Every structure is written in structure tokens, then in C-alpha cells.
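Got the viewer open? Here is a walk through some strands, helix pairs and backbone oddities, meant to be read with the structure alongside.

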Amino acid sequence: MRPTRTALLRALPFVALALAPLGQSALARDAVVHAGTLFDGEATRSNVSIVIADDRIVAVEDGFVTREGAEVIDLSGETVLPGFIDTHDHVTMGYSGKNPVAERAQKTDIDTALEAVAYARATLLGGFTSIRDVGGETSIVVGLKKAIAAGEIEGPRMWVSGYPLGPTGGHGDPQNGMSPELDFHSEGRVIDGPIEARKIVRGMHRDGVNLIKIMPSGGVLSIGDDPNHQTMTDDEIKAVVDTAHSLGIKVAAHAHGKTAILHASQLGVDSIEHGSFGDAETDKAMKANGTYLVPTLLVAETVVQIAKTHPETLNPSAAAKALEVGPIVMSNLGRAYKAGVKIAFGTDQSLAPHGTNAKEFALLVRAGMTPRDAIRAATVNAADLLGASDVVGSLTPGHYADLVAVKGDPFADITLLENVDFVMKGGEVVKANGKAK
């Protein structure tokens, strides 16, 4: 028997107690951060003070100032940046190197929830103070989001989609490749027709998600479907988009093939995830429609290596698809970036270890982005895609005191961001001098 949503939500605080480190970091309090170099998301300044009251930034002042009763945090020898945002994460998923079909049959939701607590903490310590989780068991990610917000678990701020929605036999249908005699619980995540689409989106909003993810094309790691095919009909996509937007939540669309990219953008999705087979025509459409591209280079690079060295640890048919799709993502991003498509940082973290999300920065730069624009993709742009530019993504008054620091100049060496020295979330120091608090 599968655990109920209520049981999972009740379990998460106890999971937190079981996995949280001894000596939790202190609660947020008034502080002044002395930054030797500050990149606030827009401009770079030298020798400035970030004045923090509780969990918010209240002022950014020239020089190194103090405030009565406030702790002074000396980062005068470091570069301070906004906390990073990964807009395509899977904090409930991890690569085990085991047979994925067997794991699906043997793993419970409680197993997944236990792992997710550790993954969330690792992500935060890697400098990611906010994430958009775009695909996981709805009850787990909603419960995790709530537990983190309540301070019961350490982790990034979460925007969650819960189950990704797609058609019967499409990417995201857990029954793909499985025996029809077994039930892999497609109900609530497989949509066929606009009426069903509207009902499920409304139900997921009721259950606590704050965005929706759809699967209008085939995928790479699923069994048997083709990434080039558009698998959702236009009326299904439109029903999801219209319903979600009427509820004030955004829509992310997994789309590899050109047709799915074009149609999803034209029908109003807020972001295209992957976009692997895009071209000049899709660039033009996405730019005109204001659609973000979330390129997910890290997962593409990782899955190609796995497909070459350990194909047996991927789903049947996945290795061949990975070797086809993986090599083109760099050139696809470089072209879209030059064409003026808006880019948001996203890793599709599920195969690489959680906490290594920042490896995406070097890949973005290798694909043609400037270091500054790569950092903005993970801060200002990512916050805009979340619809949360007023609270995250920049270090300006009124925003959460979410910040990271590194020793050295990340604009000269973007790989410095892979080992952040300092992390603060909401005014609370969670990492200092390279060590977790």
C-alpha cells in the first residue's frame, strides 16, 4: 500500500529531526555584511555594507558601516552575490547507478522523502537559496516546501510543480515500458483532452503546487517515446496554460522537438525546458512571446557520459536518445542566446550529485554566454521566471537576505561559483568559511 499524502506530510518533520545536523545554525537576526566586491544582480560595487534586519535587506551603503546591536560579518576579502536560483531542479530524485526499472518497483514514497531532505540541504549549501522543482511526487514536494518554509528542514525556498502532466504514453507517463498487469499510478499525472487537463490543474493548485509542468514532447530518460514528437495536442496545452494562469501560477513546458517548442511558446507557456531541437524560427517565436529558455546543460553533459560508460543504468532506449540529444544542447543555447531569447538557469538536477548545481555556470559560459549574463540567468532572470523578482534574485532593500560569497573574481573564473565560501538564506548563515554551520 502506498502511504497517503497526510502520512507523508506528517512524516517530514520527523525526517528532518532524523537527518538534520547537530547544532542547527542560529535564527536570523540583525547583521551587517561587509562586502569587498558586491554584485547585486545589476551592478558591481566595491567596499559596501549590506544592512540586514531579521530576514530582509534594509539598506546597501557605501563603505564598511556598523549598526548598534547588529552582528558584523566580514566578507571584505570576497565577492558577494545574490543567492543562486535553479529553475529546473528535481530535489526528490538522485542517480543511484542501479537499474532504474527495478528501483521504480522497489522504492517507496517514504524512501524518496528521506532522500529529499538530504538533497535539499546539499542544494542550499551549494549556494542555491531558491529552486523551482519541476517534477516529483506532489505530496512529497509540497510537504518539503512547507517544512522548509516552517524552518523544520534546511533547504532552499521552493516553487514546486508536483507531478508533470502529459498524455498517455508520453514523457512522464510512469506506465511506459511497464507490464500492463502492474499499476505504476498514472492517475493524477496523465491528461488526455482539455477537460481532464483543466480539472487536474485545478486539483493540483488545491493541493499546494505553485506552478505546473507539462510534457508536450517526448523525452530522453523515459522509455520508448521520441523527443522530436509533439505528444500533447494544442487544445490540451492551451487548457493547462489558461487554467494555470487564471489561478496565478506559471507553466513550464518540457519540449525537445521544434514543433512542441513553437506550439507551446505560441500558446503561452512561461518557459521551455531543454529546447534541444530549436532553431532560428523557435528563437524568433520565443523572443516575441517572452518565453524563457531553461537549457539544462548539466544534465545533458552528465547523461551523455553515463550513456557512454554505464548505459545499463539508464532506462531502455534512454542511452541512444541521450547520445542523440546531448551533443546539440550547447550549440542550441549559444544560438538562442545570441538571438536574444531570455535565458534562466536550470540544471535538471537528477543525475549529477545534489549540491553541484553550480557546474552549470561554466557550461553556460562555454556555450557562449558572458559570465555576467550566466550569473544573471541564475539570479535576476531566474527570479523573473519565478514571478518573485520583488523578493529574490537581487541584493537590494526589501529583498530576502539571500546571498553567497566566493574568494576571488567569478567574472574572471566562473568555476569559483562551484565552491561557494559563504551562504546566507533569509539572514541566517548556513555556511561560513567553506563549512556548514
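What follows goes through the sheets, then the helices, then a few single residues.

Keep in mind that this is a predicted model.

**The parallel sheet**

Let's start with an open sheet of four strands, in the order β8-β9-β10-β11, with parallel pairing. Which strands stand at the edges? They are β8 (211-214) and β11 (292-294); each has a single partner strand, so one side of each has no neighbour in the sheet. Going from strand to neighbouring strand, the turn is 25° on average, with direction ignored.

To see one of these pairings up close, look at β8 and β9. Strand β9 covers residues 250-255, and four bridges tie β8 to β9 in the parallel sense. If you want a specific pair to click on, Leu-211 has Lys-250 in β9 as its bridge partner.

**Hairpins and antiparallel pairs**

As a bit of background, strands of a sheet pair through backbone hydrogen bonds, and they can do so parallel or antiparallel. The next pairs are of the antiparallel kind, beginning with β2 and β3, which are joined by six bridges. Ile-50 is bridged to Val-60 in β3. The two strands make a hairpin with two residues between them, and one residue in that turn, Asp-54, has a positive phi of about 55°.

Further along the chain there is β13, residues 422-425. On one side, β13 pairs antiparallel with β12 (residues 403-406) over three bridges, and here Leu-403 sits opposite Met-424. β13 is also joined to β14 (residues 428-432), again antiparallel and by three bridges, with Val-423 opposite Lys-431. β13 and β14 form a hairpin too, with two residues between them; Gly-426 in the turn has a positive phi of about 60°.

Which way do the residues of β13 point? Phe-422 and Met-424 go one way, Val-423 and Lys-425 go the other, and all are buried. Yes, that includes the lysine, Lys-425.

**Two helix pairs**

Packed helices are described by the angle between their axes and the distance between those axes. Here are two pairs in those terms:

| Helix pair | Axes come within | Crossing angle |
|---|---|---|
| α3 (residues 109-125) and α4 (residues 138-149) | 10 Å | roughly 40° |
| α7 (residues 258-266) and α8 (residues 280-289) | 9 Å | roughly 15° |

At that angle, α7 counts as roughly parallel to α8, because the cut-off for that class is under 35 degrees. α3 and α4 are oblique to each other. What about handedness? α3 passes α4 in a right-handed crossing, while α7 passes α8 in a left-handed one.

Now for who touches whom. From α3, the contact with α4 is made by Asp-109, Thr-112, Ala-113, Ala-116, Val-117 and Ala-120; α4 brings Ile-140, Leu-144 and Ile-148. Sorted by class, that contact has seven nonpolar, one polar and one charged residues.

In the other pair, α7 puts in Lys-258, Ile-261, Leu-262, Ser-265 and Gln-266, which meet Glu-281, Thr-282, Ala-285, Met-286 and Asn-289 in α8. The class split for α7 with α8 is four nonpolar, four polar and two charged.

**Single residues to check**

Most residues other than glycine have a negative phi. With that in mind, here are two aspartates to find on your Ramachandran plot. Asp-54 has a positive phi of about 55° although it isn't a glycine. You'll find Asp-54 in the loop between β2 (44-53) and β3 (56-62). Asp-348 also goes positive, at about 60°, and isn't a glycine either. Asp-348 lies in the loop between α11 (329-338) and α12 (359-366).

Are these two buried or exposed? Asp-54 is partly exposed, with a relative accessible area of 43%. Asp-348 has 11% relative accessibility, so Asp-348 counts as buried.

Last stop: Thr-243, in helix α6 (residues 234-246). With 5% relative accessibility, Thr-243 is buried, because the limit for that label is under 20%. Which residues does Thr-243 contact, leaving aside neighbours within four places in sequence? They are Arg-198, Val-201 and Arg-202.

Key
Residues are numbered from 1 along each chain as its sequence is written. This is a predicted model: local features need pLDDT of at least 70, side-chain atom pairs count only at pLDDT 80 or more; totals for chains, interfaces and linings use all residues. Side-chain values use heavy atoms; hydrogens and water are left out. Two strands pair if DSSP finds at least two bridges between them. Axes are lines fitted to C-alpha atoms, for helices over the stretch in contact, and angles run from 0 to 180 degrees between N-to-C directions. Buried means under 20% relative accessible area, exposed over 50%, partly exposed in between (1.4 Å probe, protein chains only). Contact means heavy atoms within 4.5 Å. Angles under 35 degrees count as roughly parallel, over 145 as roughly antiparallel, 65 to 115 as roughly perpendicular and the rest as oblique. A crossing is left-handed if the near helix is turned anticlockwise from the far one by less than a right angle, and right-handed if clockwise. Ala, Val, Leu, Ile, Met, Phe, Trp, Tyr, Cys and Pro count as nonpolar, Asp, Glu, Lys and Arg as charged, and the others, Gly among them, as polar.
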